[in-house]
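This briefing concerns aromatic contacts and burial in the model shown below. Please keep the sequence and the 3D view at hand while reading.

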Amino acid sequence: MVHETLDTARDATASGARPAVTIRGLRKSFDGRQVLGGIDLDVPSGRIVSIIGQSGGGKTTLMRCVNLLEQPDDGVIDVNGETICAKGAVTCRNLAKLRQRVGMVFQRFNLFPHLTAVENVVLAQMHAAGIGEREGVERAVRLLTRVGLAHRATAYPERMSGGEQQRVAIARALALGPTVLLFDEPTSALDPESTGEVLRVMRELANDGMTMILVTHELPFAREVSDWVVFIDGGRIIEQGTATDVLDKPREARTAAYVARYAAPA
Ligand SMILES: Nc1ncnc2c1ncn2[C@@H]1O[C@H](COP(=O)(O)OP(=O)(O)O)[C@@H](O)[C@H]1O
Ligand SMILES: [Mg+2]
């Protein structure tokens, strides 16, 4: 099976071809059960890679390995040219810095309930980046404006819709100045209206050139924004290519079955 590489799939400028994340031979087991069975993946800077596949396939574990929320058993992961883990050992010297560079947005928003939107965004910066409160607030308000929530800055999470909370979570991730953003099913817990709001923000980030790894079942959105689509099943990459390749002309039966199941709008 011959695939184009992601770099040749589009006109790659010299800077566009710089790898943001490189994964080789990534393996992870839980309690002796293999969940990732040797994943190789390249994510060049400024590109958007979508990871699709059935529940239980290992997508979340893969994402969690990229910022070392899980420690891989084997394989090598490079982030912005630094090897963060190799052959089962963590080689990253500064985990806090890694998590500033690799932002993560989860299915559940995990905002602090006792803090307002702006406070949630400020707190992340003060903790991680050592930024003072005044500068933190200015930046938080700018980011909340960017995700369309300037008017909700002083609202508490329980008074916000799911889509608003998820947009605060995106602002919080952006506040740390990430070079890569990981999204793990960011709209799975949302109603259609909220889903639309969150996808709109993600589309803008994509257009602004943010490097993103996105786990989603929203195949129309994946098709629209992705430079590369990866289908994972049973902890292995079964098929990968451009959105057109994988979503329109899947070669593998498992991919075709998945695409057929999720192709229809929810
Ligand atoms: N911390 C853990 N301990 C034990 N098993 C886990 C853990 N995390 C994930 N798994 C198992 O690993 C498999 C892959 O899970 P996951 O990465 O969440 O897949 P996906 O995100 O594709 O649904 C599942 O069978 C899940 O039960
Ligand atoms: Mg998952």
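Y258 and Y262 are both buried. The two residues belong to helix α10 and are separated by 4 residues, about one turn of that helix. The model is a predicted one, and a search of the whole structure finds 2 aromatic pairs.

**Aromatic pair between strand and helix**
- The ring centres of F231 and Y258 are 5.6 Å apart with planes at 45 degrees, so this pair is tilted.
- Because F231 is part of strand β10 (residues 228–233) and Y258 is part of helix α10 (residues 253–263), the pair ties together parts that lie 27 residues apart in sequence.
- Both F231 and Y258 are buried.

**Aromatic pair within helix α10**
- The rings of Y258 and Y262 have a centre distance of 4.7 Å and planes at 35 degrees, so this pair is also tilted.
- In an α-helix there are 3.6 residues a turn, so residues three or four places apart point the same way.

**Aromatic cluster**
- One aromatic cluster is formed by F231, Y258 and Y262.

**Helix α2 and the residue that follows**
- Helix α2 (residues 59–66) is largely enclosed by the rest of the structure, because 6 of its 8 residues are buried.
- The buried residues of α2 are K59, T61, L62, M63, C65 and V66.
- L68, just after α2, adopts a positive phi of about 60 degrees.

Definitions and conventions: Residues numbered from 1 in each chain as written. Chains lettered and ligands numbered in written order. Predicted model: local features only at pLDDT ≥ 70, side-chain atom pairs only at ≥ 80, totals over all residues. Heavy atoms only, no water. Phe/Tyr/Trp six-rings, centres within 6.5 Å; stacked < 30°, edge-to-face > 60°. Buried < 20%, exposed > 50% of the residue type's maximum accessible area, 1.4 Å probe, protein only.
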